[in-house]
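Q: I am new to protein models and would like to learn how to read one. Could we go through it together, feature by feature?

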Amino acid sequence: MAVAQARAYLRARYTNADGQMVCQACQNEMPFKLRSGDYYFEAVQCVKGLQQHFYENRLALCPTCAAMYQHARANSDDDLRRSIVTCEVGQGDAAIKLEIELAGETRTLRFVGTHFFDLKTVLQGFE
Ligand SMILES: [Zn+2]
């Protein structure tokens, strides 16, 4: 249930004005659509190890970036949580960029402002 809610939440935030859903890590259009006509994407947990599940704590990633995020990320969950919580962000910011290292390369995770703000609020409860 939490995942279905996360998917709807992410789909709404990462579909651009041209109707394309884009990956938060590579910023490319998701590679294919399902029979339903919706883009396929992976709703990966952003910071693992919280005692509760939050739909805000998910990323919209293409299959390749999802695999790298889960299996080839240099940043620990603690590091990620800390950089999100300490990031100065206003509720009106359009987009926030966070640098992470995936598979030995620096990549930029792009968040729409409302998602980042919601995520930061959730993570602040786990200081
Ligand atoms: Zn990607």
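A: What follows is a short tour of a metal site, a pair of helices and two single residues. Keep in mind that this is a predicted model.

Q: Let's begin with the metal. Which residues coordinate the zinc ion?

A: To read a metal site, look for the atoms that hold the ion. Here the zinc ion is coordinated by the SG atoms of C23, C26, C62 and C65, at 2.3 to 2.4 Å.

Q: What is the geometry of the site of the zinc ion?

A: For that, look at the angles among the donor atoms. The 4 donor atoms make angles of 103 to 115 degrees, and the site is tetrahedral. Four donors count as tetrahedral if all angles lie between 85 and 135 degrees.

Q: How are the donors of the zinc ion spaced along the chain?

A: Their spacing is C-x2-C-x35-C-x2-C. C26 sits in the loop between α1 (2-13) and β1 (42-45), while C62 sits in the loop between β2 (58-61) and α2 (63-71), so this pair ties together parts that are 36 residues apart in sequence.

Q: Is C62 buried or exposed?

A: Here we compare the relative accessible area with a cut-off: buried means under 20%. C62 has 7%, so C62 is buried. C26 has 26%, so C26 is partly exposed.

Q: Now the helices. At what angle do α3 and α4 pack?

A: Think of each helix as an axis, then read the angle and the distance. Helix α3 (residues 77-86) and helix α4 (residues 113-124) pack at about 115 degrees, and their axes are 9 Å apart. The crossing of α3 and α4 is left-handed.

Q: Which residues make the contact?

A: From α3 come R81, I84 and V85, and from α4 come F116, L119, K120, L123 and Q124. Sorted by class, the contact has 5 nonpolar, 1 polar and 2 charged residues.

Q: Where does G125 lie?

A: G125 lies in the segment after α4. With a relative accessible area of 63%, G125 is exposed. Sequence and space are separate things to read: G125 and V85 are 40 residues apart in sequence and 9.8 Å apart in space, C-alpha to C-alpha.

Q: And what is N57 in contact with, leaving aside its neighbours within four places in sequence?

A: A list of contacts shows you the surroundings of a residue. N57, in the loop between β1 and β2, is in contact with V44, Q45, C46, V47, L50 and L119. The relative accessible area of N57 is 2%, so N57 is buried.

Technical notes
Residues are numbered from 1 along each chain as its sequence is written. This is a predicted model: local features need pLDDT of at least 70, side-chain atom pairs count only at pLDDT 80 or more; totals for chains, interfaces and linings use all residues. Side-chain values use heavy atoms; hydrogens and water are left out. Donors are N, O and S atoms within 2.8 Å of the metal (3.2 Å for Na, K and Ca); water is not among the atoms, so sites may look incomplete. Four donors count as tetrahedral if all angles lie between 85 and 135 degrees; four count as square planar and six as octahedral if opposite donors are over 155 degrees apart and all others between 65 and 115; anything else is irregular. Helices (H or I, at least four residues) and strands (E, at least two) are DSSP runs, numbered from the N terminus. Buried means under 20% relative accessible area, exposed over 50%, partly exposed in between (1.4 Å probe, protein chains only). Axes are lines fitted to C-alpha atoms, for helices over the stretch in contact, and angles run from 0 to 180 degrees between N-to-C directions. A crossing is left-handed if the near helix is turned anticlockwise from the far one by less than a right angle, and right-handed if clockwise. Contact means heavy atoms within 4.5 Å. Ala, Val, Leu, Ile, Met, Phe, Trp, Tyr, Cys and Pro count as nonpolar, Asp, Glu, Lys and Arg as charged, and the others, Gly among them, as polar.
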